[in-house]
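This report walks through one protein chain, beginning with the order of its elements and ending with residues whose surroundings deserve a closer look. Please keep the sequence and the structure in view while reading.

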Amino acid sequence: MKHVTERPFADPEVAARQLVQLASGIKAVQDGRIHIEKINYPFLYTLKASGAEFGAGIRGAVEKGWLELHESGTYVRLLTPGEDLLPTTELVPRV
């Protein structure tokens, strides 16, 4: 019998916030470009997320205006983040 484990990035907003956090820690190259593999690899292999979670996270971050995805899909740009954008480890909401 298989036991199902909870997927932390099943929620697209959580995945989007994690991708923005990863992107914010990467030094951008020309014109603020961040190569997609720089956030793809740690998200998939270090954090053990799935490809579907990555795709949903990217779409969510683009829809919210956090990331700009180039039409080729080869790089993203981190857009101006708000204070509430990056995930916190706090369990108590901010006042």
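Read from the N terminus on, the elements of the protein chain follow the order α-β-α-α-β-β, which gives 3 helices and 3 strands. The model is predicted, and every statement below should be read with that in mind. Of the 95 residues in the protein chain, 31% count as buried. The accessible surface comes to about 6,700 Å², and 55% of this surface belongs to carbon and sulfur atoms. Among contacts between residues at least 6 apart in sequence, 58% join residues that are at least 24 apart.

**The sheet**

The 3 strands form an open sheet in the order S1-S3-S2, with antiparallel pairing. S1 and S2 are the edge strands, since each of them pairs on one side only. Neighbouring strands of this sheet are turned against each other by 35° on average, direction ignored. Helix H1 packs on the sheet, where it touches S1, S2 and S3, and its direction makes about 85° with that of S3. As general background, strands of a sheet pair through backbone hydrogen bonds, and the pairing can be either parallel or antiparallel.

The two pairings of this sheet can be set side by side in a small table.

| Strands paired | Sense | Bridges | A bridge pair |
|---|---|---|---|
| S1 (residues 33-35) and S3 (residues 75-78) | antiparallel | 3 bridges | His-35 and Tyr-75 |
| S2 (residues 67-69) and S3 | antiparallel | 3 bridges | Leu-69 and Val-76 |

S2 and S3 form a hairpin with 5 residues between the strands, and in this hairpin Gly-73 takes a positive phi near 80°. Positive phi values also appear after two of the helices: Lys-48, just after H2, has a phi of about 60°, while Gly-65, which follows H3, has a phi near 80°.

**The nonpolar core**

Which residues have the most contacts inside the largest nonpolar core? This core has 19 residues, and those with the most contacts inside it are Leu-19, Ile-39, Phe-43, Phe-54, Ile-58 and Leu-67. Helix H1 (12-24), helix H2 (36-46) and H3 each supply at least two residues of the core, and H1 gives the most, with 6 residues. Ile-58 shows how residues from separate parts of the chain meet: leaving aside its neighbours within four places in sequence, Ile-58 is in contact with Leu-19, Ile-36, Ile-39, Leu-67 and Leu-69.

**Helices H2 and H3**

In H2, the buried residues are Ile-36, Ile-39, Pro-42, Phe-43 and Leu-44. The buried residues of this helix pack against H1, S1, H3, S2 and S3, that is, against helices and strands alike.

H3 has 13 residues and reaches 18 Å from its first C-alpha to its last, which is close to the 18 Å expected at 1.5 Å a residue. Its buried residues are Glu-53, Phe-54, Gly-55, Ala-56, Gly-57, Ile-58, Gly-60 and Ala-61, and the buried residues of H3 pack against H1, H2 and S2. In general, an α-helix has 3.6 residues a turn, so residues three or four places apart point the same way.

**Two buried residues in detail**

Is Glu-53, which is found in helix H3 (residues 51-63), buried or exposed? Glu-53 counts as buried because its relative accessible area is 8%, which falls under the 20% cut-off for that word. Leaving aside its neighbours within four places in sequence, Glu-53 is in contact with Arg-7, Phe-9, Ala-10, Ala-15 and Phe-43.

Gln-18 lies in helix H1 and can be judged by the same reasoning. Gln-18 is buried because its relative accessible area is 16%, which is also under 20%. When its neighbours within four places in sequence are left aside, Gln-18 is in contact with Phe-9, Phe-43 and Leu-47. Phe-9 and Phe-43 therefore appear in the contact lists of both Glu-53 and Gln-18, where each list is based on heavy atoms within 4.5 Å.

Key:
Residues are numbered from 1 along each chain as its sequence is written. This is a predicted model: local features need pLDDT of at least 70, side-chain atom pairs count only at pLDDT 80 or more; totals for chains, interfaces and linings use all residues. Side-chain values use heavy atoms; hydrogens and water are left out. Two strands pair if DSSP finds at least two bridges between them. Helices (H or I, at least four residues) and strands (E, at least two) are DSSP runs, numbered from the N terminus. Buried means under 20% relative accessible area, exposed over 50%, partly exposed in between (1.4 Å probe, protein chains only). A nonpolar core is a set of buried Ala, Val, Leu, Ile, Met, Phe, Trp, Tyr and Cys residues joined through side-chain atoms within 4.5 Å. The expected span of a helix is 1.5 Å times one less than its number of residues. Axes are lines fitted to C-alpha atoms, for helices over the stretch in contact, and angles run from 0 to 180 degrees between N-to-C directions. Accessible areas come from the Shrake-Rupley method with a 1.4 Å probe; for residues, only the protein chains shown count as cover.
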